[in-house]
Amino acid sequence: MRFLIFLMWLLHWLPLPVLGRLGEGIGSLLYIGMKERRHIALTNLRLCLPHLPEAERKQIARKHFQDYARSILERGILWWAPRERVKSLIEIEPDIPFADIQSGPVIFLCPHFVCLEVPAVAITMETPGCSIYTRQKNRVFDAVLYRGRMRFNSAIRLLSRQQGIKPIIRALREGLPFFMLPDMDFGAQDAEFVPFFGQPVATLTAPARIAAATGAKVIPVIATFLPDYRGWKVKFYPSWDNFPGPDITEATRRMNAFIEERVLETPAEYFWTHKRFKTRPAGEPDVYEQKN
């Protein structure tokens, strides 16, 4: 791991077009070699985009591996490049919503796209925030990742998932915007089965519940690659009106519908290698089981 970290540090000095193409080349090899992850991605795509021909789904999966590997290498820029270089590579649309941050609690909803690290960097270069941090098994990588997320603002607060929602609510009430990743399968606890591309998926109700408890505005933010290896675009969407409303399940369904729309805009950049449908409704079979 030390060697890989050193390699990432070394490569971050490369021009972004060279680094991006190198990452895509590595991703093409990973698509061939990582059979289990390829199976997960193709299963997810089959469930979510059944109307597409199989050849097109395979093309999206291959491109996803390329984009994901590229995003890992480009993360070295976020971790070690000078602030000026990082800022020059981030295009923000329309602007960071400072007025919303200053006027009350804000939850930034950040679905799992491959450029997920970029919105937090864009915001924390300007203002502190808080998010959930999962400690990594490898101590060397954990230390690098932790420093990378803290490097632009020492007032950032990284919270453990095991602490529950009370520290999140406290941070929101203290004026720290909260970065929330709402679309991972953490099991049936604190989740509802709501549709995602027509499939029942265990979805965290925490965004709706925390917004209800704090009165926080929910502002989605998505980062995608700019064309021609020019960097990343961070797009802030308008805050959601009447969210969560009286029905937490309906609010969670609304969140998934929004993520679906964004996935269709840049399908290869969504995180297809995660077992999004791992937790099944009672009696439903494992969709990832490979048949011999």
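Here are a few questions and answers about this predicted model.

Q: Why is the protein called as compact as a globular protein of its length?
A: Its radius of gyration is 19 Å, and the globule rule gives 19 Å for 292 residues, so the protein is as compact as a globular protein of that length. The protein has 11 helices and nine strands, and its C-alpha trace spans about 50 × 45 × 35 Å along the principal axes.

Q: Why is T252 called buried?
A: Buried means under 20% relative accessible area. T252 has a relative accessible area of 2%, so T252 counts as buried. You can find T252 in helix α11, which covers residues 248-265.

Q: What makes V194 a contact of T252?
A: Contact means heavy atoms within 4.5 Å. V194 is in contact with T252, and so are T203, L204, T205 and A208, with neighbours of T252 within four places in sequence left aside.

Q: How do you know what share of the contacts joins residues 24 or more positions apart?
A: Take the contacts in the protein with a separation of 6 or more: residues 24 or more positions apart account for 76% of them.

Q: What share of the residues counts as buried, and what supplies the exposed area?
A: Of the 292 residues, 52% count as buried. The protein exposes about 14,400 Å², and carbon and sulfur atoms supply 54% of that area.

Q: How far apart are the mean positions of the positive and negative charges?
A: They are 7 Å apart, taken over 39 positive and 30 negative charges.

Methods: Residues are numbered from 1 along each chain as its sequence is written. This is a predicted model: local features need pLDDT of at least 70, side-chain atom pairs count only at pLDDT 80 or more; totals for chains, interfaces and linings use all residues. Side-chain values use heavy atoms; hydrogens and water are left out. Helices (H or I, at least four residues) and strands (E, at least two) are DSSP runs, numbered from the N terminus. The radius of gyration is taken over C-alpha atoms; the globule rule is 2.2 Å times the number of residues to the power 0.38. Buried means under 20% relative accessible area, exposed over 50%, partly exposed in between (1.4 Å probe, protein chains only). Accessible areas come from the Shrake-Rupley method with a 1.4 Å probe; for residues, only the protein chains shown count as cover. Lys and Arg count as positive and Asp and Glu as negative; His and the chain ends are not counted. The place of a charge is taken as NZ of Lys, CZ of Arg, CG of Asp or CD of Glu.
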